[in-house]
Amino acid sequence: MKNTVIKYGLYALISGFLLFGLPFFLGMGVDFDYGELVGYTSMVLSLLFVYLGIKYYRDKVNGGKVSLLNAIAIGLLIALFSAIGIALFDYIYTTQINPDFANEYLEYSLNKMQVTLSPEEVKLKSAELNQQMKDYGSPGFMAFMMFTSVMILGFIISLFSGLILQRKN
């Protein structure tokens, strides 16, 4: 199990890091409207290694069988690698590549609110958003939130993969 987790975990880590950073590596910058789509797509693609790792373990290592609990454990360990890769890129991005990301996102959000909300609502929501960015806008916390998001998604994919791939004696 250990070798399978390490092998597929490293694939997930590298793909998560590269896919999450692909727009920046290609010099495309940040478009907040599609950035979320790119982020979730890169998470799901890097987490495909969860399914592939469980299937490999079942078929090549464990004689064609795997229990649901074993599948979930393998999947979560592989997802851990993916989460580390994505959180690492997020941290590097917000500390080295674009240290003003939090302020840029705050400005973008405030401008978007002004188009869709009444002036009273804008005033109230902007105060809330400013406080949230003050409380949670640090690069470390943002990377932690990205890590947590990937792990939650990884659990869901591990569960479904385990349900599909489980075979008992």
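Q: Among contacts in the chain between residues at least 6 apart in sequence, what percentage join residues at least 24 apart?
A: The model considered here is predicted. A contact requires heavy atoms within 4.5 Å. Among such contacts between residues at least 6 apart in sequence, the share that joins residues at least 24 apart is 79%.

Q: How many helices and how many strands are in the chain?
A: Read along the sequence, the chain follows the pattern α-α-α-α-α-α-α. The count for the chain is therefore seven helices and zero strands, where helices and strands are DSSP runs.

Q: Is phenylalanine 25 buried, partly exposed or exposed?
A: Phenylalanine 25 is found in helix H1, which covers residues 2–25. Buried means under 20% relative accessible area and exposed means over 50%. Because the relative accessible area of phenylalanine 25 is 45%, this residue is partly exposed.

Q: What is the accessible area of the nonpolar patch that includes Phe25?
A: Phe25 belongs to a nonpolar patch on the surface. The other members are Ile6, Leu10, Ile14, Leu18, Leu22 and Leu26. Together, the residues of this patch have an accessible area of about 630 Å².

Q: What percentage of the area that the chain exposes do carbon and sulfur atoms supply?
A: Of the 169 residues of the chain, 35% count as buried. The chain exposes about 9900 Å². Of this area, the part supplied by carbon and sulfur atoms is 65%.

Q: How far apart do the centres of the positive and negative side chains lie?
A: The chain has 12 positive and 12 negative side chains. The distance between the centres of the two sets is 24 Å.

Technical notes. Residues numbered from 1 in each chain as written. Predicted model: local features only at pLDDT ≥ 70, side-chain atom pairs only at ≥ 80, totals over all residues. Heavy atoms only, no water. Helix = DSSP H or I, 4+ residues; strand = E, 2+ residues; numbered from the N terminus. Buried < 20%, exposed > 50% of the residue type's maximum accessible area, 1.4 Å probe, protein only. Areas by Shrake-Rupley, 256 points an atom, 1.4 Å probe, with all protein chains shown as cover. Lys, Arg positive; Asp, Glu negative; His and termini not counted. Charge placed at Lys NZ, Arg CZ, Asp CG, Glu CD. Patch = residues over 30% accessible without salt bridge, like charges linked within 9 Å, V, L, I, M, F, W, Y side chains within 5 Å. Salt bridge = Lys/Arg side-chain N within 4 Å of Asp/Glu carboxyl O.
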